[in-house]
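Trainee: I am new to this structure and would like a close look at a single part of it. Please take the loop that follows the opening strand, and then show how that part fits with the rest.

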Amino acid sequence: MPGFLLHANAAMTCQHVAGQATVAPGQTRVLVNAQPVAVMPPGMPTIAVAGCPFTVGTKPQPCVTVRWMQPSTRVKVMGLPVMLAPGPGTGPGVCQSAEQIPQGAPVLGAMQARVSAL
């Protein structure tokens, strides 16, 4: 699956825009935009979300995690697949409430914009 590399401080929010997602750096040796490239540990990695105000009726249902489901199949850092930002028509992550109810794909802002070889 082609796509840009996600880095540890990529700007990501839930669909409700107020919830900020934080990608924890899994390694510190390979950098993009002076930030560690985000890698996927074994299993289904999750990204923490804080500050989502979403409610259904009177019951709070905030997004608390983003479950990233599709790692890179070819690019690895220290043996772990890198996390890729979604390309057109793709969405490798889904925001979930504490009850693991899917609430839509995350919204990505700033991320790796370009790779150039010297």
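Mentor: What follows starts with the whole chain, turns to the loop, and then moves outward from it.

The model is predicted. The chain has 12 strands and 0 helices, so in order from the N terminus there is a β element at every step because the run reads β-β-β-β-β-β-β-β-β-β-β-β under the usual reading of strands as DSSP runs of at least two residues. Of the 118 residues in the chain, 36% are buried. Among contacts with a separation of 6 or more, 66% are between residues 24 or more positions apart. The chain exposes about 6,700 Å², and carbon and sulfur atoms supply 61% of that area.

Now the loop. It lies between β1, residues 12-13, and β2, residues 20-22, and Val 17 is found in it. Gly 19 has its place in the loop between β1 and β2 as well. Is Val 17 buried or exposed? Val 17 counts as exposed because its relative accessibility is 54%, and the cut-off for exposed is over 50%. Gly 19 is at the other end of the scale: its relative accessible area is 0%, so Gly 19 is buried.

The backbone at Val 17 deserves a remark. Most residues other than glycine have a negative phi. Val 17 is not a glycine, yet its phi is positive, about 65°. A second residue of this kind is Met 78, with a positive phi of about 55° although it is not a glycine. Met 78 is found in the loop between β9 (71-77) and β10 (80-83). With a relative accessible area of 55%, Met 78 is exposed.

Back to Gly 19 and what surrounds it. Which residues is Gly 19 in contact with, leaving aside its neighbours within four places in sequence? Met 12, Thr 13 and Cys 14 are in contact with Gly 19, and so are Val 49, Ala 50, Gly 51 and Cys 52. Gly 19 and Ala 48 are 29 residues apart in sequence, and their C-alpha atoms are 9.6 Å apart in space.

Two of the contacts of Gly 19 are the cysteines Cys 14 and Cys 52. A search of the whole structure finds 0 disulfides. Cys 14 is in no disulfide, and the nearest cysteine sulfur, that of Cys 52, is 3.6 Å away. The pair is not counted because a disulfide requires sulfur atoms within 2.5 Å. Both cysteines are buried: Cys 14 has 0% relative accessibility, and Cys 52 has a relative accessible area of 11%.

The strands on either side of the loop, β1 and β2, belong to an open sheet of 6 strands, which has the order β11-β8-β5-β2-β1-β12 and antiparallel pairing. β11 and β12 stand at the edges with a single partner strand each, so one side of each has no neighbour in the sheet. β1 is joined to the edge strand β12 by 2 bridges, and the two run antiparallel. Thr 13, one of the contacts of Gly 19, stands opposite Val 107 in β12.

Met 12, another contact of Gly 19, leads into the interior. The largest nonpolar core has 17 residues, and those that touch the most other members are Leu 6, Met 12, Ile 47, Val 66, Trp 68 and Met 83. β5 (46-50) and β8 (63-68) are the elements that give two or more residues to this core. The largest share, 3 residues, comes from β8. Apart from this core lies another of 7 residues, including Leu 5, Val 32, Val 77 and Val 82.

One last item concerns charged side chains. The structure holds 1 salt bridge. The side chains of Glu 99 and Lys 59 meet in it, at 2.7 Å from N to O. The pair links distant parts of the chain, 40 residues apart: Glu 99 is in the loop between β11 (93-97) and β12 (107-108), and Lys 59 is in strand β7, residues 59-60. Glu 99 is partly exposed at 46% relative accessible area, and Lys 59 also counts as partly exposed, at 42% relative accessibility.

To return to the loop: Val 17 is exposed, whereas Gly 19 is buried.

Technical notes
Residues numbered from 1 in each chain as written. Predicted model: local features only at pLDDT ≥ 70, side-chain atom pairs only at ≥ 80, totals over all residues. Heavy atoms only, no water. Helix = DSSP H or I, 4+ residues; strand = E, 2+ residues; numbered from the N terminus. Buried < 20%, exposed > 50% of the residue type's maximum accessible area, 1.4 Å probe, protein only. Contact = heavy atoms within 4.5 Å. Areas by Shrake-Rupley, 256 points an atom, 1.4 Å probe, with all protein chains shown as cover. Core = buried A, V, L, I, M, F, W, Y, C linked by side-chain atoms within 4.5 Å. Salt bridge = Lys/Arg side-chain N within 4 Å of Asp/Glu carboxyl O. Pairing = 2+ DSSP bridges.
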